[in-house]
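Work through the exercises below with the structure open. Each task is followed by a solution in steps.

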Amino acid sequence: MAIVEVKVPQLSESIAEATMLTWKKKPGEAVAVDEILIEIETDKVVLEVPAPAAGVLTEIVQGDGATVTADQLIAKIDTEAVAGAAAPAAAAPAAAAAPVAAPAAAANKGDVAMPAAAKLLAENNLSAANVAGTGKDGRVTKGDALSAIKAGASIPTGAPKAVLPQVAAPAAKEDLSGRPEQRVPMTRLRARVAERLLQSQSTNAILTTFNEINMAPVMALRKKFQDDFTKEHGVKLGFMSFFVKAAVHALKKYPVLNASVDGNDIVYHGYFDIGIAVGSPRGLVVPILRNADQMSFADIEKKIAEFGKKAADGKLGIEEMTGGTFSISNGGTFGSMMSTPIINPPQSAILGVHATKDRAVVENGQVVVRPMNYFAMSYDHRIIDGREAVLGLVAMKDALEDPSRLLFDL
């Protein structure tokens, strides 16, 4: 027998621990070298753990949902074993483990119930053995559990019944079956985002300034060159590249908007790393466009598309979300009209972009309809005065309402 240990990969210096997600293999199953065994979630990214060698997974040391640290042993692989051989001793039922043994089918079914499903079933005194699983390898999913609860699946013989407090019956019979509740722990990412937002609001003197942008010039320019741009660069010309270019343009004029606070010092950054807020299934992430001032429109569009795909797949790396000197949050993608974005520490300012809508505005004494977008910039009033914040936003407005200014750095 040649045992190879599977361990937690190295984590970032700022990350102390991580959470195991769901094992993709079971003890006794064959694994190939570099085959992904499990994903581990940190408060920033999801890391994949590949098999260090081919063989048979003989033991899972840390199960789904366990909290682990860097280099911790989580499983063992026997490189000389044959898949389908006798199950490891640890999997054998212990003698006299319980006064009443559960049926084998129930035990096996319980093992393959997904964590959320198992919790729901337990709360409703239902057994996974009585629920048909539609997940991979017959696993009972959350949807299966909810369907079983709604259908009123029977409680297996011998299962304890919930004891409810006695309350007065309502005047009319009330059906609560359509008001389910579910308690789900925050993911590490969600918890970290919450922590940072609270930190931002408690440590920064946040103030927000607004302005309205006539997007007609950008829309006309985009329409004129869209086909040629797509053919030349293989990516569509969106609005975010214009927003990034306009933001960098303003940051160059007013460097304090690109600065950060370190104790009693103001740190002025001679580079422009722009964070782009991206929604993902795990929560909000902010990957960074490094040296955005040196990027072309095509470079920006390609990188943002790459970030979007990686965020959706949970593949963003720690290095892609570390740092940043200024951020842009585009709530307009979801139809937002107005918001007051929260600064992403240790940055000192963030731009909130919203939906572009036709609105009535006054030009030269006449009421006309224009595609307008409301911009909001939140800033740390400890180091940024209203003058710099307002003028910085005006610089963005001027650049977008006359994009040719970007060519001449005006």
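A residue counts as buried when its relative accessible area is under 20%, and as exposed when that value is over 50%. The model is predicted.

**Exercise 1. Overall description**

Task: State how many helices and strands the protein has, and what share of its residues is buried.

Solution.
- Step 1. The protein contains nine helices and 19 strands.
- Step 2. Of its 410 residues, 38% are buried.
- Step 3. The exposed area comes to about 22800 Å², with carbon and sulfur atoms supplying 55% of it.
- Step 4. Take the contacts between residues at least 6 apart in sequence: 64% of them join residues at least 24 apart.

**Exercise 2. Helix α6 against helix α8**

Task: Determine at what angle α6 and α8 pack, and which residues meet.

Solution.
- Step 1. Locate the two helices: α6 covers residues 240-253 and α8 covers residues 386-401.
- Step 2. Their axes lie 8 Å apart, at an angle of about 135 degrees. Helix α6 is therefore oblique to α8.
- Step 3. The crossing of α6 past α8 is right-handed.
- Step 4. From α6 come F242, F243, A246, A247, H249, A250 and K253; these meet G392, A395, M396, A399 and L400 of α8. Sorted by class, the residues of this contact are nine nonpolar, two polar and one charged.

**Exercise 3. Helix α6 against helix α7**

Task: Repeat the analysis for α6 and α7, asking at what angle the two helices pack.

Solution.
- Step 1. Helix α7 spans residues 297-313, and its axis is 9 Å from that of α6.
- Step 2. The packing angle is about 120 degrees, and the two helices are therefore oblique to each other.
- Step 3. Here too the crossing is right-handed.
- Step 4. On the α6 side the contact uses M240, S241, F242, V244 and K245; on the α7 side it uses F297, I300, E301 and I304. The class count is six nonpolar, one polar and two charged residues.

**Exercise 4. F242 in its surroundings**

Task: Decide whether F242 is buried or exposed, and list which residues it contacts beyond its sequence neighbours.

Solution.
- Step 1. F242 sits in helix α6.
- Step 2. Its relative accessibility is 4%, so F242 counts as buried.
- Step 3. Setting aside residues within four places in sequence, F242 contacts V218, L221, L237, F297 and L400.
- Step 4. Place two of these partners: F297 belongs to the α7 side of the helix contact, and L400 belongs to the α8 side.
- Step 5. V218 is 24 residues from F242 along the chain, and their C-alpha atoms are separated by 7.8 Å.

**Exercise 5. Two strand residues**

Task: For A349 and T19, find in which strand each lies, and whether each is buried or exposed.

Solution.
- Step 1. A349 is in strand β17, residues 349-353. Its relative accessibility is 0%, so A349 is buried.
- Step 2. Not counting residues up to four places away in sequence, A349 touches L257, F326, S327, I343, S378, Y379 and I384.
- Step 3. From A349 to D380 the sequence separation is 31 residues, while the C-alpha to C-alpha distance is 6.4 Å.
- Step 4. T19 is in strand β2, residues 18-20. At 16% relative accessibility, T19 falls under the 20% cut-off and so counts as buried.
- Step 5. Leaving aside neighbours within four places in sequence, T19 is in contact with E39, I40, E41, G65, A66 and R188.

Methods
Residues are numbered from 1 along each chain as its sequence is written. This is a predicted model: local features need pLDDT of at least 70, side-chain atom pairs count only at pLDDT 80 or more; totals for chains, interfaces and linings use all residues. Side-chain values use heavy atoms; hydrogens and water are left out. Axes are lines fitted to C-alpha atoms, for helices over the stretch in contact, and angles run from 0 to 180 degrees between N-to-C directions. Helices (H or I, at least four residues) and strands (E, at least two) are DSSP runs, numbered from the N terminus. Angles under 35 degrees count as roughly parallel, over 145 as roughly antiparallel, 65 to 115 as roughly perpendicular and the rest as oblique. A crossing is left-handed if the near helix is turned anticlockwise from the far one by less than a right angle, and right-handed if clockwise. Contact means heavy atoms within 4.5 Å. Ala, Val, Leu, Ile, Met, Phe, Trp, Tyr, Cys and Pro count as nonpolar, Asp, Glu, Lys and Arg as charged, and the others, Gly among them, as polar. Buried means under 20% relative accessible area, exposed over 50%, partly exposed in between (1.4 Å probe, protein chains only). Accessible areas come from the Shrake-Rupley method with a 1.4 Å probe; for residues, only the protein chains shown count as cover.
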